[in-house]
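Trainee: Could you take me through this model, beginning with the ligand and then turning to the backbone?

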Amino acid sequence: MNLHYQTNDKGHLAIGGADALDLAQEYGTPLYVVDEMRVRENYRRVYQAFSQEYKKFQIFYAAKANTNLAVMRILEEEGSGIDAVSPGEIYTSLLAGFEPERILYTGNNITTTELEFALKSGVRINVDSVSQLQRLAELPRSDGLKISFRVNPMVGAGHHDHCITGGELSKFGIMEHEAVDVYNMALDLGFRPVGIHTHIGSGILDPEPFKLAVKVLMDVAGQVHGETGVNFEFIDFGGGLGIPYTPDEPQLEIETFAREITRLFKEKIYEYGLNNPTLCIEPGRYIVGDASYLLTRVNTVKQSYRKFVGVDAGFNTLLRPTMYGSYHHILVGDKPEARAQENLDVAGNICESGDLFARERPLPKIKEGDVLAIMNAGAYAFSMASQYNSRPRPAEVLVRKGEVDIIRERETFADLLSKQNLPVRLLK
Ligand SMILES: *Cc1c(COP(=O)(O)O)cnc(C)c1O
């Protein structure tokens with residue numbers, strides 16, 4: 001079993017030293033629970049693996065995986081930078097205490113207003129298209145601005161088609177063969193291009209496509225340096241580091257991964273005479289994915305054409321199973337070690353038949369009132385939650401050494417209506 005969890009002396013699931021059953025009882029369900037130390041450990045594992053191979057190394061945590069302020073503060077304390085993909089994420093990152101220089105804004109199909117916002121906030125802009133470059137050049141105070149470009153290296157990888165962000169079908173970045181022209185254009189427009197970036201996909205457990213992308217990006221960087229004289233201060237290989245979701249999926253061997261990537265990187269900076277640029281990566285899932293659980297309580301056990309276990313969360317709470325067909329391992333809170341006894345469908349409370357957390361899942365005996373813990377609910381989980389079916393979004397708590405803090409309050413009905421207005425002529 002490659003999935004990480006702990007139990008306490010009662011044999012219950014323990015999260016950050018707190019009993020999952022107590023958490024569900026005290027804070028209600030559905031409930032997101034973040035294990036603070038696990039976030040820190042994950043960050044440190046990646047940081048150490050890379051920085052012991054190459055000193056000038058920086059992590060830009062991909063905020064979209066989990067934008068909770070407390071989670072972001074923790075990563076700021078650890079020394080991370082931020083990969084932000086929207087003005088909202090820039091705003092949140094600044095509020096979480098990140099210096100603007102440590103925020104890299106990689107926007108796709110963004111408006112000039114958004115570019116203006118990024119420029120004013122002083123973050124580093126990672127340009128995705130010639131259109132963006134030209135519109136940025138027209139803004140006041142863009143002269144001499146340090147920028148970077150996102151390159152699409154014709155290599156893609158990921159756990160689902162929607163998550164493959166490199167290659168022919170991808171909407172992201174400039175093409176590798178236009179890079180020299182685009183860097184020249186940037187120089188002509190008065191910019192100071194200092195970085196190059198790629199991000200090929202998400203949920204990558206096999207290092208090969210990632211290594212290929214590193215190789216391609218380094219060749220592009222070398223060519224740009226050779227032909228335009230641009231000196232790269234940083235080279236950013238994006239995120240995508242995967243975690244196991246099923247019990248028998250492998251762990252990414254982070255030390256081997258880091259060693260192979262940095263070896264390739266060092267060979268290429270030597271080959272092209274690049275001046276020790278900072279090596280950057282942008283993991284999101286790897287850092288926060290396995291640090292959270294979604295606790296949900298069983299309210300219905302029903303034998304229909306199949307046997308259903310009905311819970312109080314739905315795809316509005318955790319979208320990944322419905323959106324990507326993702327597997328999320330499920331533990332029973334009071335007996336996480338119990339052996340599977342029957343195949344069950346775990347269904348949510350949303351009025352759509354696709355609202356399932358598991359189909360035909362071998363699980364222990366489950367009864368009404370049980371608390372289930374859906375694992376790996378830290379990345380692309382709350383950040384994708386919605387109010388669909390007019391169900392308020394759940395609370396989030398942060399746990400450390402048994403101490404619990406509410407880091408997001410449960411929404412109320414008033415929150416569902418907070419931005420709606422009833423025109424006077426429709427008032428009753
Ligand atoms: C989403 C994203 C990441 C993070 O991807 P993970 O799979 O969570 O590591 C990194 N960089 C960019 C540009 C992204 O869009």
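Mentor: The model is a predicted one, and a good entry point is a polar contact, in which an oxygen atom of the ligand is 2.8 Å from a polar backbone atom of G240. Two side chains add to this picture, since a polar side-chain atom of S202 lies 2.3 Å from an oxygen atom of the ligand, and a polar side-chain atom of Y380 lies 2.5 Å from an oxygen atom of the ligand. The protein covers 94% of the 390 Å² of accessible area that the ligand has on its own.

Trainee: Which residues come nearest to the ligand, and how does the shell around the ligand divide by residue character?

Mentor: Of the 14 residues around the ligand, K64, S202, G240, E282 and Y380 come nearest, and the shell divides into four nonpolar, five polar and five charged residues. The space that the ligand takes is the largest pocket.

Trainee: Turning to the backbone, where is there a cis peptide bond?

Mentor: Omega is the angle to read here, and at about -5° it marks the cis peptide bond joining T29 and P30. P30 is placed in the loop between α1 (20-27) and β4 (31-35).

Trainee: Which residues other than glycine have a positive phi, and is each buried or partly exposed?

Mentor: One is E360, with phi near 50°, which lies in strand β18 (residues 356-363) and is partly exposed, because its relative accessible area is 44%. Another is N376, with phi near 55°, found in the loop between β19 (371-374) and β20 (395-400); N376 has a relative accessible area of 5% and is therefore buried.

Methods: Residues are numbered from 1 along each chain as its sequence is written. This is a predicted model: local features need pLDDT of at least 70, side-chain atom pairs count only at pLDDT 80 or more; totals for chains, interfaces and linings use all residues. Side-chain values use heavy atoms; hydrogens and water are left out. Helices (H or I, at least four residues) and strands (E, at least two) are DSSP runs, numbered from the N terminus. Buried means under 20% relative accessible area, exposed over 50%, partly exposed in between (1.4 Å probe, protein chains only). A residue is near a molecule or strand if one of its heavy atoms lies within 4 Å of it. A polar contact is a pair of N or O atoms within 3.5 Å; within protein, one must be able to donate a hydrogen and the other to accept it, and residues adjacent in sequence count only if both atoms are side-chain atoms. Accessible areas come from the Shrake-Rupley method with a 1.4 Å probe; for residues, only the protein chains shown count as cover. On a 1 Å grid over the protein atoms alone, a cavity is a set of points where a 1.4 Å probe fits but cannot get out, and a pocket is an open set with protein on both sides within 12 Å along at least five of seven lines; lining residues have an atom within 4 Å of a point. A molecule sits in a cavity or pocket if more than half of its atoms lie within 2 Å of its grid points. Ala, Val, Leu, Ile, Met, Phe, Trp, Tyr, Cys and Pro count as nonpolar, Asp, Glu, Lys and Arg as charged, and the others, Gly among them, as polar.
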